[in-house]
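The following exercises practise reading a residue's surroundings and an interface between two chains. Please study the sequence and the structure before working through each solution.

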Amino acid sequence: MNLALAGLVYLGMFALAASMSRHGSPLLGQWRRLAWIGHSAIGWGLFGLALLLACFAGDGGQALVLWFGLIPFASGLILLALTYRPAAARTLVPVAALCVIGGPFL
Amino acid sequence: MSAVREGTRQVMAWLHGWTGLLLGWILFVICLAGTLSVFKPEIGQWMRPETRATADPAEAIQAAATWLGAHSRGSTGWYLTAPNARMNTVEAAYDSDGTFLYRALDPVTGAPAARETLGGEFFYRLHFELELPYPWGRLLASLAAMVMLVALITGLIAHRRIFKDYFTFRPGKGQRSWLDGHNALGVLATPFHVMITFTGIVTLASLNLPWGITATYGNDLAAVYRDLSPGAIQRPRANVPAPLAPLVPMLRGAQRRLGGTIGRVYILNPGDRAAVVTVFRSDADQLGFNMAQMSFDGATGQPLAAWRERRGAIQTYNVVYGLHMGRFAPIATRWLYFLGGLMLTLAIATGLVLWIVKRRERAPLSIGNQVLERLNAGILSGVPLGCAAYLLANRVLPLGIAGRAELESMAALWAAAGALAVGALLPPRLSWPALSGASAVVCMLAATLHFSPEGMTWLLLLTAIGFATLAWRQSRRPKPRRRSVA
């Protein structure tokens, strides 16, 4: 569950960053054809989905705390990648997607 | 309307700057110590490498009580924390011959750990007591937390493009880079910063807002504790000696009744017929702190009272307190707490540096700002150096010397004071790299002397590399551009 939450928050942050005029182009790089990824609605949607999952995790609020903690972690990763190596942020997208798919089964 | 908005922003920016400057250095100490306290048990375990035995928590508490029974005199209470997955020793706070002591006890023999040290407790106490006597340290920490909340809120209002700049950091651009860094560190972890500051204030609420308690209870503090923890029985000493009944059956009984695992065990009036053993459920698996407790007659082992907290207001307070302490946090969440704390610490440090950088780019620094610049170098480098010196002292001080734990703390304070003196005496272009280099060397030594391949050692080595890189970059920094007075 934790991995799925982390994946969703990262993907949400990535989409939000890609939707910004200043960051969209360096962040998407060769993925420009997939520009729909960089839509703020997708970012907020994934972000909200992670929040919903955290709220209904049934572990006495621990997942909710994790969700809050993942925000600076995911956004910090994207900020560092944007500053020094935008391709690294893209590399993490499939990893995050795998976490979302595989996380609940681990 | 926009003029009003701009005016508001300017006022907020002014307030943000001055509140940050006023208590920034104290907040830096509080935040760094708090960040390190996230790993308080792990630090304690690393600092006691000779004590590796583990035992069942109930048996470890029994061993500790047996040792305390033989070695404490005239004690009014033993306050024990059971070992758990993160810490193998029993933490004991107790009084003996009128002196209040803190010891980590071996879980098997019950005797104090061979290497006398406060362990992570030093950082934990520094976080909210600042090495000052009660209540001054706590009051100052409380005031600093309130100022911090003001600085956070005013900082958010003053930030003109909070979402546009959310992922922005432009390195190598002087003041712009410092501002970006400060904003990113502050804004990316805003929920954490607000949570930890607010819960910190609430944690010390009985001290900073005592009037509600005074109005209801007057000076009867016992009544306050009785109402807060109805399951924790307090009664006066009977002054009739009586041995303590076996603790293990009491602890097992409490565990069955309360669920979870044993957290803390308080033994009041030990060795007396009126002894009371109170068992608190561990809060390692729940957000709320101290949710359930059960008391036993210490002499007979018979249950006296049990209590599971269900009152809304107190449960709310316990959750707020628990959120600040973060004891519930599994490993991933603990690291995120550490990351959030580090970001807050660095946000404060970059804010303090930014104050100087901004003014130097505008005009020659005034005498006051030159003093601030030197104090910045001394304190922002000195506090981490002091923390590293504390860990190094743990490795170099011989075992068995009197007052060893106090000497470790003194090493930290003297190292920080020395760094402050270096910062005050040397120009910043020399003091910054010198002090960062010193921190790197001290971290390296602390990690390698009596090397043990644990997470804490690797983290220290990484920190040493980080400080060495910082020192190298600071030594290559061009001399700051100072405008001449026309």
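Two residues are in contact when heavy atoms of theirs lie within 4.5 Å. The model used here is predicted.

**Exercise 1.** Determine whether G382(B) is buried or exposed, and describe its surroundings.

*Solution.*
Step 1. Locate the residue: G382(B) belongs to helix α14 of chain B, which covers residues 367-396.
Step 2. Apply the cut-off: a residue is buried when its relative accessible area is under 20%. G382(B) has a relative accessibility of 1%, and therefore counts as buried.
Step 3. List the contacts: leaving aside residues up to four places away in sequence, G382(B) touches A377(B), A416(B) and A419(B).
Step 4. Consider a distant residue: G7(B) is 375 residues from G382(B) along the chain, and their C-alpha atoms are 38 Å apart.

**Exercise 2.** Describe how chain B and chain A meet, beginning with the residues in contact.

*Solution.*
Step 1. Count the residues: 26 from chain B are in contact with 24 from chain A.
Step 2. State the area: about 1900 Å² is buried between the two chains, and carbon and sulfur atoms give 72% of it. Of the area that chain B buries against chain A, 36% comes from F167(B), L188(B) and L336(B), more than from any other three residues.
Step 3. Identify the salt bridge: the count between the chains is one. The side chains of R22(A) and D165(B) form a salt bridge, with an N to O distance of 3.1 Å.
Step 4. Examine the side of chain B that touches chain A: helix α13 (residues 331-362) gives the most to this side, with six residues. The residues of this side comprise 18 nonpolar, three polar and five charged.

Terms used
Residues are numbered from 1 along each chain as its sequence is written. Chains are lettered from A and ligands numbered from 1 in the order in which they are written. This is a predicted model: local features need pLDDT of at least 70, side-chain atom pairs count only at pLDDT 80 or more; totals for chains, interfaces and linings use all residues. Side-chain values use heavy atoms; hydrogens and water are left out. Helices (H or I, at least four residues) and strands (E, at least two) are DSSP runs, numbered from the N terminus. Buried means under 20% relative accessible area, exposed over 50%, partly exposed in between (1.4 Å probe, protein chains only). Buried area is the accessible area (1.4 Å probe) that two parts lose on being put together, summed over both. A salt bridge is a side-chain nitrogen of Lys or Arg within 4 Å of a carboxyl oxygen of Asp or Glu. Ala, Val, Leu, Ile, Met, Phe, Trp, Tyr, Cys and Pro count as nonpolar, Asp, Glu, Lys and Arg as charged, and the others, Gly among them, as polar.
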